[in-house]
Each structure stands twice: as structure tokens, then as C-alpha cells.
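Grab a viewer and work through a few exercises. Try each task yourself before you read its solution.

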Amino acid sequence: MIIVERSTDKNEMKKLKPPLLIYGRRKTGKTFFVKSLFGDSYYFFVKRDRSIYFENRNEVINYREMIRIMEEFKEKMMIVDEFHRLPGDFLDWLHIRAPTNILLITSTLHLAKKLIGKHSPVLGLFLEYQMTLIDERDILINLEKHIKEPKRLVEMATYLREPILLRWFNKDLLSVLKHLKLVVPALVGEIFSEEDKELSARYEGILRALSTGKGTLSEVASMLHSYNLIEKQDIASIKPYVNTLIELSLVKRIPEYFRKRFYYFISSPMIDLYYYLDEKYNFSEADISDRCMIEKIPLHVEDFFRSLFSKLFRMRTFIINKPEMEVDIVLVEFKKLKVVAEIKWKNNVSRSEIKRAEEKLKKFKDCKKILIVPEISVVEKEPKEIEIWDVKRILEEIKRIQASRLV
């Protein structure tokens, strides 16, 4: 296992002062990150039976004892993990005492939103921070120390944004991905359990549809209807389920440029890959070939770069997906198209491929045009009016931006 320095999250957290509420879905590394950031603190973990593990004394205590410790040691930072399992009067105690030395952690997203909502007893008391997957910039910088081959570096980074997979890191992507059979069903089940929701056939059907490339609500509804999971083939019957999956951070949506339509994706490439392999090859029940395991890597790499470039350029991501025009990365600033990019994730990019990329991107005026490749050496011909960004240049850009923000 390797330890990833989450510089992006750390820099954002430095802008905030306790009391803090840290939330995010299961297994995003919230606890490890917070404990490493606030090393000299008291850490309480609330178990499902409401007993409390007090790590500093290696003992299990009750709720009253935890409150007594909090009131006695006011100079100490207090971390309460999975605090939503505590009795309801804990929120009243927070409202009355208004402690400034406390940090709450929860994996229950609907509770986190309720706490910062209009009718919460602690409204305005806490600053909140959402922990998601490891930032693309951080995982690349950290893995660069262990993986020198550019193509392999990005492919490993794409999946190791999931902290739960870091324990199996050994520079061999296939060996890491083979653990999905055990990890993903348990993780998705935990996410729904924490939200007091049932992982129904409709939820799983939506995840399976999205994993197989059904990107619009109408396409998802069509697939669920064909599986007899909904009575009528209409968007209204699945929209509440999709909205819940978005709230749980399992699904994200990206708007189409200058149209009102959205495209939907599973947020985690790890979860997406599991459902794709299970839907297509019965992965949960059978062994499959290495060739099958790597089929979807290019699409996940594409999504990795889409998110990464959005952060590098500080622009919103859109999609252009028309029969006559499909662009891998579209970045927009104040409704104006600023960056378009094509990704050629292969060991050789031929002259004919370069020509097709030139013809496609020349239709976009007054914006930056980029071709993303593993290494410059794979390109047979340098394109006209298109910048080549390989992994080396991308790493340099990340480091340059990070250094400039430290000045």
C-alpha cells in the first residue's frame, strides 16, 4: 500500500476553521485524511450500536462520557467520526455549547445536507467540506514517484483515485482490478445502508445501463423497460432514482454544449468497470480474460482527462455529441467555448488520425485546440494549429500551477 498526499484537499481545508463538517460517500479516505491533518486531537468513532471507541485511550465509552471529555478538554481538537449515529440531543448540545474545537465526519450524505439546511439546529455553526475521490492532480504527482512509463502511470491513476484500491498497489493494473469483484458490491451496499435506502433492482439497473454506455435518461429508461424493471418506457419513472444516485455521489451528469440535454456517467471508474464487466461478461460469477478487463480503460482515461483539464483551466466541462461531431473534451468559460481537445490513447497515432483530428478541430474558431497523447514520440506527424500535450507536459503544468499557488 502507498500513502497518497492529498495536497488539493489539504490546501482547501487550510482555508476553513473549526467547527467543521466533513462528509462524503463511504471509502473516500475521510478518516485517514482528517486524522493526519489534525494529529494532536481526540478521536471518537461512533459504532452502529451507539457505543463510542475513544482511540486515544483505546477504550469503548458511552455518550455521556464522551460529552464529559469534550467539556473538560476544551483546548483539544475533537474529531467525532460517524457522528450521525449519536442520540438526537447531540445536535442540541452543539447548538447550546457552540464548540469551536470540533470536527464531525459522516458518510451519510442526506444528513450532511440536512445539517446545513434551513431548519437545522446547528445552521450556520459549521463550515462544510465534501471529500470525493482523490484529485487527479494529486494521484498523478504521487504515482509518478513509483511509475515512470507515462501510459501506465495515467491508467493506474485513473483507478487508484479510489483510496480503497491503494492497498493493492503493485504497478500491475490488472492485479488491482481483479479485486473489484469483492470490493464494489460491498461498497455500494454500504453506501445505500448508510443512507437507510435499499439497493433495489431499479438502482442497480440504472448503474448497469450507464456502465454499458446508455448516457441519456431516455436510453436508460429504454434498457430498464426491456428488463421489465419499469412498467412504462418514460423518463419520469427513473428520474427520482437517478437523482438519488447523484445525491449519493454515485452518478454525475454533464451538460451538452448549447443544448438542454444532460449525459449521465457513473462517478467512479472502479464502480463503472465492475458493472460493465458484470453486465457484459457475468464478472461476479465467472473468471474473465485480461482482454475483457481492459476494454473500457480508454473511456475511463478520457473521463479522467476531462475532469483534470477542467481543473487545470478552471472551466466548466460540457459535451458535444452529435452524429457529425463528437469531441472528447469541451471546456467553457462564461458560456464561451475556450478549449477543445482530442485524446489518442495509444502507442502510435498515425498521419491519417492526425489529419482527421485537424479537420474536426479546425471547425472551432477562437479557442485552444489540444491533442492529448501518452508521449510525443507516438505521434507520426505534428498537427497544425493544435498543441500536443503528453503526460510529461501535463505533469509539468500541474507542478507549475501548484508552485505558483504557494508563492
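Below are five exercises, each with a worked solution.

A quick word on ground rules: this is a predicted model, in which local features need pLDDT of at least 70 and side-chain atom pairs count only at pLDDT 80 or more, while totals for chains, interfaces and linings use all residues. Numbering runs from 1 along each chain as its sequence is written, and side-chain values use heavy atoms, with hydrogens and water left out.

**Exercise 1. Work out how the radius of gyration of the protein chain fits a compact globule.**

Step 1: take the radius over C-alpha atoms, and use 2.2 Å times the number of residues to the power 0.38 as the globule rule. Step 2: for 407 residues the rule gives a value near 22 Å, and the chain has 23 Å, so the two agree. Step 3: look at the extents; the C-alpha trace spans about 70 × 60 × 45 Å along its principal axes. Step 4: add the burial, where 53% of the 407 residues are buried (under 20% relative accessible area; exposed is over 50%, partly exposed in between, using a 1.4 Å probe and protein chains only).

**Exercise 2. Count the helices and strands, then find what share of the contacts joins residues at least 24 apart.**

Step 1: with DSSP runs numbered from the N terminus (helices H or I, at least four residues; strands E, at least two), the chain has 17 helices and 14 strands. Step 2: call it a contact when heavy atoms come within 4.5 Å. Step 3: among contacts between residues at least 6 apart in sequence, 63% join residues at least 24 apart.

**Exercise 3. Decide whether Glu162 and Lys296 are buried or exposed, and list what they touch.**

Step 1: place them. Glu162 sits in the loop between α7 (150–160) and α8 (173–177), and Lys296 in the loop between α14 (290–293) and α15 (297–313). Step 2: check accessibility. Glu162 has a relative accessible area of 1%, so it's buried; Lys296 has 9%, so it's buried as well. Step 3: list partners, skipping neighbours within four places in sequence. Glu162 contacts Arg25, Lys27, Leu133, Ser268 and Met270. For Lys296, the partners include Tyr159, Leu210, Thr212 and Asp272. Step 4: look for a polar contact (a pair of N or O atoms within 3.5 Å; within protein, one must be able to donate a hydrogen and the other to accept it, and residues adjacent in sequence count only if both atoms are side-chain atoms). The side chains of Lys296 and Asp272 make one at 2.6 Å.

**Exercise 4. Find which residues Arg48 contacts away from its sequence neighbours.**

Step 1: go to the loop between β2 (41–46) and β3 (52–54), where Arg48 lies. Step 2: at 55% relative accessibility, Arg48 counts as exposed. Step 3: beyond neighbours within four places, its contacts are Arg85, Ser193 and Glu194. Step 4: for Arg85, 37 residues along the chain, the C-alpha separation is 6.6 Å. Step 5: for Glu194, the two side chains share a polar contact of 3.3 Å.

**Exercise 5. Inspect the backbone at Pro19, Ala98 and Glu385.**

Step 1: the Pro18 to Pro19 peptide bond is cis, with omega near 5°; Pro19 is in the loop between α1 (7–14) and β1 (20–23). Step 2: Ala98, not a glycine, has a positive phi of about 45° and lies between α4 (89–97) and β6 (102–106). Step 3: Glu385, also not a glycine, has a positive phi of about 60°, and its 70% relative accessibility makes it exposed.
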